[in-house]
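Trainee: Could you take me through one part of this structure in detail? I would like to look closely at a single stretch of the surface and then see how the rest fits around it.

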Amino acid sequence: MFRRTFWFTAGAAAGVWATTKVNQKLKKLTPESLAAQAANKALDAGHRLKDFALDVRDGMAEREDQLNDALGRDAEEPRELPAQQRLAALENNVTYKQAPYTYNRNEDH
């Protein structure tokens with residue numbers, strides 16, 4: 001007798017739990033709920049985008065300050081710019097012999 005009562009109670013509790021879960025899922029799939037979820041995700045994306053834009057603006061200001069310091073734009077006396085550095089490839093004066101023939105890969109013969 002106690003066994004039957006136990007299993008009847010366990011089955012009834014499982015049925016109530018399953019019904020509650022199914023009803024919760026169905027409420028999440030209503031058009032109003034889906035619209036609210038989409039709006040919340042759009043707001044979250046907007047906040048993340050705004051935070052990203054603020055981080056970019058802060059980084060740009062920091063980099064601008066670094067460049068101004070490097071160029072001496074904030075100094076009272078103007079500084080001379082550092083000498084321009086040439087690339088090693090430009091300083092190499094080795095001349096190469098031109099081949100007596102030309103090879104065109106685009107020819108079809």
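Mentor: Let's start with Glu-64, which sits in helix α2, the helix that covers residues 31-71. Please keep in mind that this is a predicted model. Glu-64 has a relative accessibility of 49%, so it counts as partly exposed; the cut-off for exposed is over 50%. Glu-64 also belongs to a patch of negative charge on the surface, and its partners there are Asp-51, Asp-55, Asp-58, Glu-62, Asp-65, Asp-69 and Asp-74.

Now stay with helix α2 and look for Phe-52, which is found in that helix too. With 53% relative accessibility, Phe-52 counts as exposed, because that value is over the 50% cut-off. Phe-52 joins Leu-49, Val-56 and Met-60 in making a nonpolar surface patch of about 420 Å². If you are following along in the sequence, try marking the two sets of residues in two colours: Asp-51, Asp-55 and Asp-58 are among the members of the negative patch, while Leu-49, Phe-52, Val-56 and Met-60 make the nonpolar one.

Let's step back to the chain that carries these patches. Its secondary structure consists of three helices and zero strands, and the order from the N terminus is α-α-α. Of its 109 residues, 3% are buried. The chain exposes about 11,400 Å², and 58% of that area comes from carbon and sulfur atoms.

One last stop is worth your time, and it concerns aromatic rings. Searching the whole structure turns up one aromatic pair. The partners are Phe-6 and Trp-7: their ring centres lie 5.0 Å apart and their planes meet at 70°, so the pair is edge-to-face. Both partners can be checked for exposure as well: Phe-6 counts as exposed at 52% relative accessibility, and Trp-7 counts as exposed at 60%.

Note on methods
Residues numbered from 1 in each chain as written. Predicted model: local features only at pLDDT ≥ 70, side-chain atom pairs only at ≥ 80, totals over all residues. Heavy atoms only, no water. Helix = DSSP H or I, 4+ residues; strand = E, 2+ residues; numbered from the N terminus. Buried < 20%, exposed > 50% of the residue type's maximum accessible area, 1.4 Å probe, protein only. Areas by Shrake-Rupley, 256 points an atom, 1.4 Å probe, with all protein chains shown as cover. Patch = residues over 30% accessible without salt bridge, like charges linked within 9 Å, V, L, I, M, F, W, Y side chains within 5 Å. Salt bridge = Lys/Arg side-chain N within 4 Å of Asp/Glu carboxyl O. Lys, Arg positive; Asp, Glu negative; His and termini not counted. Charge placed at Lys NZ, Arg CZ, Asp CG, Glu CD. Phe/Tyr/Trp six-rings, centres within 6.5 Å; stacked < 30°, edge-to-face > 60°.
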